[in-house]
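Trainee: I should like to learn how to read the features of a protein model. May we go through one together?

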Amino acid sequence: AFGVIADIQFADAEDGHDFGGCRRRYYRHSLRLLREAVQAWGGENPPIDFVLQLGDSIDGLNARRGEAESALQQVLEVLGQLPVPVHHAWGNHELYNFSRARLVHTGLCSRPAGGSDGPPDRDCQAYHCSLAAGLRLVVLDTYDVSTLGRDPGSPHYQESLRVLREKNPNADLNSPAGLKEPHFVAFNGGFSQAQLDWFDEVLKFSDENQEKVIIMGHVPIHPYASNGVCLAWNYEAALSVIHSHRCVVCVLAGHLHDGAYCLDSHGVHHLTLEGVIETPPESNAFGTIYVYEDKMILKGRGRIPDRVMHF
């Protein structure tokens with residue numbers, strides 16, 4: 001069993017709204033909802049084995065207020081009360097607050113130091129690990145190719161900007177207005193070929209060892225588990241890797257605060273979790289997933305519905 005939560009986006013600030021100005025964001029309450037989640041996970045019987053934090057743990061608002069470090073500290077302190085590992089995906093809001101170089105030295109870096117668990121490029125935060133006999137977790141870095149968190153003078157930034165500009169001529173690169181492919185916006189990102197090649201090798205290993213694989217990353221990689229905008233730039237490439245193997249049972253993501261779900265044509269479940277940040281204080285948005293030989297059962301809290309996902 002394991003806990004799942006997405007888009008906490010904590011800031012010690014009064015309620016605000018999203019970029020469109022129409023959706024309420026409960027910045028301060030999100031930390032209280034996280035505490036409730038941690039408390040509930042702590043009382044699970046049998047106990048949970050780990051937690052997946054699907055990205056955007058703090059809000060970009062903190063960067064403007066000079067409170068990024070203290071906000072992150074508060075979130076990590078709450079998660080630190082858990083007696084089990086927490087696996088973190090990096091989202092766009094982490095990268096609004098910190099450079100990638102800085103994030104590596106925070107508690108949000110859950111890629112193990114050293115070893116061969118991730119791509120050769122240490123800058124990429126993808127990694128894999130065995131969760132239990134026959135069960136593997138793959139954490140994808142959905143901002144491997146991105147302008148966020150990069151030095152504007154770096155080749156990586158310049159190449160990411162070129163990819164983005166090729167598809168998005170808008171003055172505001174966060175605007176999908178008029179785009180044929182509306183997911184090519186700056187608040188999304190994509191996968192390098194090096195990460196995709198590594199991903200392919202990990203899934204090949206799991207196929208050969210008859211493992212089941214759970215994948216997590218901040219940005220959804222299936223259009224039906226998205227709203228068409230919150231989607232990885234080269235999601236087709238990631239799906240192509242998954243569909244060339246038999247082992248993947250579920251892909252977990254955040255980013256889209258309304259949440260979404262689909263069972264794709266290859267029998268893979270794509271579950272995008274509802275975000276804590278837009279959850280009213282009297283509700284919540286987290287869940288516990290129980291893994292069986294032939295299925296996973298999500299017991300959701302608050303905005304997150306229960307779900308049975310058969311393999």
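**Reading helices and a pocket**

Mentor: Let us begin with helix H6, bearing in mind that this is a predicted model. On the face of H6 turned away from its buried side lie the exposed residues Pro155 and Glu166.

Trainee: Which residues of H6 are buried?

Mentor: They are Tyr157, Ser160 and Leu164. Viewed down the axis of H6, these buried residues fall within an arc of 70°, so they line one face of the helix.

Trainee: How far does H6 reach from its first C-alpha to its last?

Mentor: H6 comprises 13 residues, 155–167, and reaches 19 Å, close to the 18 Å expected at 1.5 Å a residue.

Trainee: What span should helix H3 have?

Mentor: At 1.5 Å a residue, the 12 residues of H3 (68–79) should span 16 Å, and the 17 Å between its end C-alpha atoms agrees with this.

Trainee: Which residues of H3 are buried, and what do they pack against?

Mentor: The buried residues are Ala68, Ala71, Leu72, Val75, Leu76, Val78 and Leu79. They cover an arc of only 160° around the axis, which puts them on the same side of H3. Their packing partners are helix H1 (29–42), strand S4 (50–53), helix H2 (61–65), strand S5 (86–88) and helix H4 (92–97).

Trainee: How is empty space found, and which residues lie nearest the centre of the largest pocket?

Mentor: Rolling a probe the size of a water molecule over the atoms shows where empty space is left. Here, the largest pocket holds about 360 Å³ of space. Of its 18 lining residues, Asp18, Arg25, Cys230, His255 and His257 lie nearest its centre. By class, the lining has four nonpolar, seven polar and seven charged residues.

How values were computed. Residues numbered from 1 in each chain as written. Predicted model: local features only at pLDDT ≥ 70, side-chain atom pairs only at ≥ 80, totals over all residues. Heavy atoms only, no water. Helix = DSSP H or I, 4+ residues; strand = E, 2+ residues; numbered from the N terminus. Expected span 1.5 Å × (residues − 1). Buried < 20%, exposed > 50% of the residue type's maximum accessible area, 1.4 Å probe, protein only. Arc of directions from axis to C-beta. Contact = heavy atoms within 4.5 Å. 1 Å grid on protein atoms, 1.4 Å probe; cavity = no way out; pocket = protein on both sides within 12 Å on 5 of 7 lines; lining within 4 Å. Points joined across faces, edges and corners; volume = space filled by probe spheres on them. Nonpolar A, V, L, I, M, F, W, Y, C, P; charged D, E, K, R; others polar.
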